[in-house]
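Reader: I am new to this structure and would like to learn how to read it. Could we look at it together, one kind of feature at a time?

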Amino acid sequence: MATDAKADPEPHCREDDDNAPATAADDEDTGAQVAPIVKLEEVAVTTGEEDEDPILDLKAKLYRFDKEGNQWKERGVGNVKLLKHKVNGKVRLVMRQSKTLKICANHFVIPTMTVQEHSGNDKSCVWHAADFADGNLKEEMFCIRFASVENCKTFMETVQDVAESQGKKEENKDATVTADLLDKLSVGESKSDGKEEDTVVASDTKEAVKR
């Protein structure tokens, strides 16, 4: 018995008339305007960087050292920034992942912070910091890799300059506090001396009256 070669192998895949593509007449614009059911208002998005001025902004890839696994683990690719607060002058290092904007590094640049070139790669450098990227303060060892040697050097030099400036700022602050304490101490001593003199004069006056 011969097989009908014209038979459709998948007749169940045919579209019904109700599911047929729309014609040009169906797509004709009637000019009617439909009001949206829900009106969405613009929402201001804050990044937490509004009160800071950028000192440095470079694209890089960040790693952190996993002590348990004894290996480097990638934290993300994005722009590493050094941001200086407009009021208190503190500088922090912030880096977000390019696609998700998730924070992968967030810590202050303190006077004791040092950045060193990674051995065997002049495009990378490493440092330690008390990081707050995950919401908890945690000691981390970071390694960052740049696209060029120049960017790596710029990063290292800028961080070093900031750390030194923060150190001088702390020294000036300590000197000011010390000066204030000494000033208060000298004023207190002067007041005490005055009271002692008043007491001596009063005693002499009483003795004179008795006589």
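**Charged pairs**

Reader: How many salt bridges does a search of the whole structure find?

Author: The search finds 7 salt bridges. The general idea is that side chains of opposite charge can pair when their charged atoms come close. Here the term stands for a side-chain nitrogen of Lys or Arg within 4 Å of a carboxyl oxygen of Asp or Glu. Do keep in mind that this is a predicted model, where local features need pLDDT of at least 70 and side-chain atom pairs count only at pLDDT 80 or more, while totals for chains, interfaces and linings use all residues. Residues are numbered from 1 along each chain as its sequence is written, and side-chain values use heavy atoms, with hydrogens and water left out.

Reader: Which residue meets Glu49 in a salt bridge?

Author: That is Lys81, with 3.5 Å from N to O. The two come from distant parts of the chain, 32 residues apart: Glu49 is in the segment before β1, and Lys81 is in strand β2 (residues 71-85). The elements are DSSP runs numbered from the N terminus (helices are H or I with at least four residues, strands are E with at least two).

Reader: Are Glu49 and Lys81 buried or exposed?

Author: We call a residue buried under 20% relative accessible area, exposed over 50%, and partly exposed in between (1.4 Å probe, protein chains only). Glu49 counts as buried because its relative accessibility is 13%. Lys81 has 23%, so Lys81 counts as partly exposed.

Reader: Where else should I look for such a pair?

Author: Try Arg64 and Glu140, whose closest N and O atoms are 3.9 Å apart. This salt bridge spans 76 residues of the chain, with Arg64 in strand β1 and Glu140 in strand β7. Arg64 has 18% relative accessibility and therefore counts as buried; Glu140, at 5%, counts as buried too. Another salt bridge joins the side chains of Arg75 and Asp134 at 3.5 Å, N to O. Arg75 sits in strand β2 and Asp134 in the loop between β6 and β7, 59 residues apart.

Reader: Which residues are joined into one network by salt bridges that share partners?

Author: Glu49, Lys81 and Arg96 make up that network.

**Strands side by side**

Reader: In which sense do β1 and β7 pair?

Author: Strands count as paired if DSSP finds at least two bridges between them. β1 (52-66) and strand β7 (residues 138-146) pair in the antiparallel sense, over 5 bridges. To find the place, look at Leu62, which stands opposite Ile144 in β7.

Reader: How many bridges join β6 to β7?

Author: Strand β6 (residues 124-131) runs antiparallel to β7, and 8 bridges join them. One place to look is Ala129, whose bridge partner in β7 is Glu140. This is the Glu140 that forms a salt bridge with Arg64. The hairpin of β6 and β7 has 6 residues between the strands, and Gly135 there takes a positive phi near 95°.

**Rings**

Reader: How many aromatic pairs does the structure hold?

Author: There are 4 aromatic pairs. One of them is Phe65 with Trp72, an edge-to-face pair at 5.3 Å centre to centre with 70° between the planes. Rings of Phe, Tyr and Trp (its six-membered ring) pair if their centres lie within 6.5 Å; planes under 30 degrees apart count as stacked, over 60 as edge-to-face and the rest as tilted. Phe65 is partly exposed because its relative accessibility is 23%. Trp72 has a relative accessible area of 30%, so Trp72 is partly exposed. Phe146 and Phe155 form a tilted pair, with 5.3 Å between centres and 45° between planes, and both of these residues are buried.

Reader: Which residues do ring pairs link into a cluster?

Author: The cluster holds Trp127, Phe142, Phe146 and Phe155. Phe142 lies 8.3 Å from Cys125, C-alpha to C-alpha, with their positions 17 residues apart in sequence. Cys125 is in strand β6 and is buried, because its relative accessible area is 0%.

Reader: Which residue lies over the face of Phe108?

Author: Lys90 does, at 5.6 Å from the ring centre. The rule asks for NZ of Lys or CZ of Arg within 6 Å of the ring centre and within 35 degrees of the ring normal.
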